[in-house]
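Let's take a walk through a protein model together. Keep the structure open beside you and turn it as we go.

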Amino acid sequence: MSREDREPDELFEIRTNFYTGNYQQVINEATKLKVPQNLQTEKDLFMYRSYIAQKKFGVVLDEIRPNASQEELVAVRLLADYLANESKRDTILRELDGKMGGNVKNSFCLLMAAYMYYLSENYENTLKVLHNADSLECCALTIQALLKMERLDLAKKELKRMAEIDEDSVLTQLSTAWVNIGIGSEKLQEAYYIFQELADKHTATPLLLNGQAVCHIAQGKYEDAQTALQEALDRDSNDPQTLINLIVLSQLTGKPTEVSNRYISQMKDSHGNHSFVKDLANKANELDRLVRNYQPSVPS
């Protein structure tokens, strides 16, 4: 079916803003946009997921009842609960293990379950859940999991499947950029152009600016990377990916230790449960252990 023959997509702007990381705009549009009853739940899901992306978990937990009649709303509420309460995460994942062994067919529910596995860095379970899902979002998350597992070959195959479903989709374009970054070399510039085109066409969000910065860093264009990351920081001073990339860039460019330490402190303050912070703490503890073990037993 050609684009001309398709029905108008009343959620196009909301969907596009969500995928490109413009979460406040999603909330603004969803609040005022009137849609037919059959699109109401989908609109609300994008709105609630945008609140989750902004770490406003309470809004979702307050507005959606645990026993809501629509399973998609229950699924997005579970994601908010998972992210809001670290002490409950293992329990929630165990419950998911039981549910995923059943006959869950709803593509959105599968996506939410897979995303929780992805956040817990259980990429094998992520792929198991997504195995029979065929929405573009499920394909995109599959690609992200495969890239984390360094299975670029399989990520390329999944990207080909996405392009066959809808090559013009913003998600397909973003997935193409991610795969191109994984390939490296001349594909880095192609990835950069995708992020730049999306930023020009829509809004230069931290998500898109970080994509550009990663391309610049991989190409050794550190000044350009600094410019992109500074703009991302101006738009959201607590975005974790921006802070992580600034830490990496500070190390690569040999900036004073206090510069990277400042970003590390900000990560610890704003994102204490982030895997990057936990990994950093584990490495620091391991270094301390090695230092203690190699201290001379006899004074020199």
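We'll need one word straight away: a residue is "buried" when its relative accessible area is under 20%, "exposed" when that area is over 50%, and partly exposed in between, using a 1.4 Å probe and protein chains only. What you have is a predicted model, so local features need pLDDT of at least 70 and side-chain atom pairs count only at pLDDT 80 or more, while totals for chains, interfaces and linings use all residues. Residues are numbered from 1 along each chain as its sequence is written, and side-chain values use heavy atoms, with hydrogens and water left out.

Let's begin with helix 9. Helices here are DSSP runs of H or I with at least four residues, numbered from the N terminus (strands are runs of E with at least two). Which residues of helix 9 are buried? They are L136, E137, C138, C139, A140, L141, T142, I143, A145 and L146. That makes 10 of its 13 residues, so the helix is mostly covered. The covering comes from contacts, meaning heavy atoms within 4.5 Å. The buried residues of helix 9 pack against helix 1 (12-19), helix 3 (37-53), helix 7 (107-119), helix 8 (123-130), helix 10 (152-166) and helix 11 (170-183).

You can also check the length of helix 9. The expected span of a helix is 1.5 Å times one less than its number of residues. For the 13 residues of helix 9 (residues 136-148) that gives 18 Å, and the end C-alpha atoms are 19 Å apart, which agrees. After helix 9 comes E150, with a positive phi near 60°.

Now hop over to helix 7. Its 13 residues reach 18 Å from first C-alpha to last, close to the 18 Å expected. Helix 7 is mostly covered too, with 10 of its 13 residues buried; among them are F108, C109, L110 and L111. What covers them includes helix 3, helix 5, helix 6 (89-100), helix 8 and helix 9.

Look at both ends of helix 7 as well. At the N-terminal end, N106 acts as a cap: one of its side-chain oxygens lies 2.9 Å from the backbone nitrogen of F108. That is a polar contact, a pair of N or O atoms within 3.5 Å; within protein, one must be able to donate a hydrogen and the other to accept it, and residues adjacent in sequence count only if both atoms are side-chain atoms. Following helix 7 is E121, whose phi is positive, near 65°.

Next, find R77 in helix 5 (residues 71-84). Lys and Arg count as positive and Asp and Glu as negative, while His and the chain ends are not counted. A salt bridge needs a side-chain nitrogen of Lys or Arg within 4 Å of a carboxyl oxygen of Asp or Glu. R77 is buried but has no salt bridge: D81, the nearest side chain of opposite charge, is 4.7 Å away. Leaving out residues up to four places away in sequence, R77 touches V60, L61, I64, R65 and P66.

One of those partners, R65, sits in the loop between helix 4 (57-63) and helix 5. Is R65 buried or exposed? It is exposed, because its relative accessible area is 54%.

Two last stops. Y193 lies in helix 12 (residues 187-201) and counts as exposed because its relative accessibility is 51%. I264, in helix 16 (residues 257-270), counts as buried at 16%. Beyond residues up to four places away in sequence, I264 touches I247 and L280.
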